[in-house]
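Biologist: I would like to ask for a close look at a single part of this structure. Please describe one helix in detail, together with the residues around it.

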Amino acid sequence: MAAFAQLDAQNPGQAFHRINERNSLRHPINPVWSNNITAFIVVNMPDTPSKPTTAAPAAHKGWYVLAILSLLMGFASISTDLYLPAMPAIADALGAGDGTIELTVSGYLVGFSLTQLIWGPVSDRFGRRVPVAIGLILFVIGSAGCALSDSAAIMIAWRVVQAIGACASVALSRAMVRDLYDGNRAAQMMSTLMTIMAIAPLLGPLVGAQIAAFAGWRAIFWTLVGIGAIALLLLLTLPETHAPKHRSRETFAQALRRYGELIRHRHLLGYVGVGGCFYGGMFAYIAGTPFAYIDYYGVPDRLYGFLFGAGVIGIMTTNLVNARLVRYFGVNRMLLAGSLAAFGCAAVTGVNATTGWGGLWGIAVPLFAFVSTTGFIIANAMAGALEDFPRRAGAVSALVGATQYGSGVVGSALVGLLADGTPQPLGLVVAMAATGTLVSSGYVVLIHRRAR
């Protein structure tokens, strides 16, 4: 990584490159990012020269754009994490039975996973800002609908609307990064965004618990209305990153058919399977822990956020460790090691959740370890999936994202459908998801060994 700083020192003129001439967007390479915020994808790039990079209107503008894109990418987290501590209270207020409120997570994931495949082609043809603006309007409407809901079924429906809107912000903010930057610089910027947006799931449950305690659970969704409105206003200050002359001329049907071409690649399917299975376990954790910790073990609402936040710190730590180690061990070895660790942690969780051994800490500790392996699994799975498709990274990203959140639907729904008032369904679903993750990782390693 020090090589970037050395290059800038020796050739300061090369620190500026044009990537988006139609918008005259520029951004200087900052060597500090190279040393301190190492991109987990960069270290896995194939040994081929990358194109010159660049980007925003000016150095100070670059950080302004970065902050707005981080906010847009964070909608996936804040839309759910903020109200997690209030789920038991919502269930009581709406008269919902066991497992019903977990379906608000599943409904959200249905809308989020499917519409990723739609927003991408739409933005390729019509530009980024208008679809994101429409998405933010839908997010505001959906959040207001959740705040006004008087039954679980109505709330689930509004959560789908909320997800359709949030999905545009998350998916297209990644595309905007690709518009502004390319090569290693794009990967570094993506890593920077992910590092910043990790703050959302860390603070979300803590802030949500405080809002619910002082103003009630409906205030959480009114807060989301305000966040969506602010994001919409900030979006209007950004330039369009996808100029008309560079937009796709494909019909929507043609764009969708390209997904069929991608799923024919076996190694891509392996990486997709890894991320998909792991996300199934992650969203089982998200949907199941509020009831396991708060209702079953009696953890106070306000303390739940600290337990959840510990997992986020674990994720951030393993991302940093992965960025260091993957340069020496490679994507697939780190992926397999992470999958083995996740399987071991999930197996312990399943056994303890079934037998009751260890009480709260008997599942909280192994679940923390399971969640922490995210840094070894998701980063490397995404890097491996994108490696051979540089010109179709947007489609691959949408396919991987749709699969991950689609699997999240299954994981969270299973926890809700199997709910029996104990942590056992949570433990079993997490264990099954980790098994699938390990099998998929083994398949990826096998495919690559045969290809040598």
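Modeller: The model is predicted. Within it, F112 makes contact with A76, A163, A166, C167, V170 and Y405, when neighbours within four places in sequence are left aside. F112 also belongs to one aromatic cluster, formed with Y108, Y279, F283 and Y405. The helix to examine is α13, which covers residues 266-296.

Let us begin with its dimensions. Helix α13 has 31 residues, and the distance from its first C-alpha to its last is 43 Å. That span is close to the 45 Å expected at 1.5 Å a residue. The helix nevertheless bends by about 45 degrees at G288. A proline, P290, follows this bend within four residues. After the helix comes G298, whose phi is positive, near 75 degrees.

The next topic is the surroundings of the helix. Of the 31 residues of α13, 26 are buried, so the helix is largely enclosed by the rest of the structure. The largest nonpolar core has 101 residues, and those touching the most other members are F75, I90, F112, F221, Y293 and F370. Helix α13 gives the most to this core, with 16 residues.

Aromatic rings deserve particular attention here. There are 12 aromatic pairs in the model. In one of them, the ring centres of Y285 and F308 lie 5.8 Å apart and the planes meet at 15 degrees; because planes under 30 degrees apart count as stacked, this pair is stacked. The pair links distant parts of the chain, with Y285 in helix α13 and F308 in helix α14 (residues 301-329), 23 residues apart. Y285 counts as buried because its relative accessibility is 4%, which is under the limit of 20%. F308 likewise counts as buried, at 5% relative accessibility.

Another aromatic pair is formed by Y293 and Y304. The centres of these rings are 6.1 Å apart, and with 55 degrees between the planes the pair is tilted. This pair also links distant parts of the chain, for Y293 is in helix α13 and Y304 is in helix α14, 11 residues apart. Y293 is buried, with a relative accessible area of 3%, and Y304 is buried with a value of 0%.

A residue from another helix completes this part of the picture. T80 is placed in helix α4 (residues 75-81). At 4% relative accessibility, T80 counts as buried. Not counting residues up to four places away in sequence, T80 touches V105, Y108, R159 and I286. Among these contacts, Y108 is also a member of the aromatic cluster described above.

Helix α5 (residues 87-94) offers a second example of buried residues, namely M87, P88, I90, A91 and L94. These residues cover an arc of only 160 degrees around the axis, and therefore they lie on the same side of α5. One of them, I90, is also among the core residues that touch the most other members. Just after α5, G95 takes a positive phi of about 65 degrees.

Finally, consider Y259, which lies in helix α12 (residues 252-262). At 11% relative accessibility, Y259 counts as buried. Y259 and L399 are 140 residues apart in sequence, yet their C-alpha atoms are 7.3 Å apart in space.

Conventions. Residues numbered from 1 in each chain as written. Predicted model: local features only at pLDDT ≥ 70, side-chain atom pairs only at ≥ 80, totals over all residues. Heavy atoms only, no water. Core = buried A, V, L, I, M, F, W, Y, C linked by side-chain atoms within 4.5 Å. Buried < 20%, exposed > 50% of the residue type's maximum accessible area, 1.4 Å probe, protein only. Helix = DSSP H or I, 4+ residues; strand = E, 2+ residues; numbered from the N terminus. Contact = heavy atoms within 4.5 Å. Phe/Tyr/Trp six-rings, centres within 6.5 Å; stacked < 30°, edge-to-face > 60°. Expected span 1.5 Å × (residues − 1). Bend = angle between axes of the 7 residues up to and from the residue. Arc of directions from axis to C-beta.
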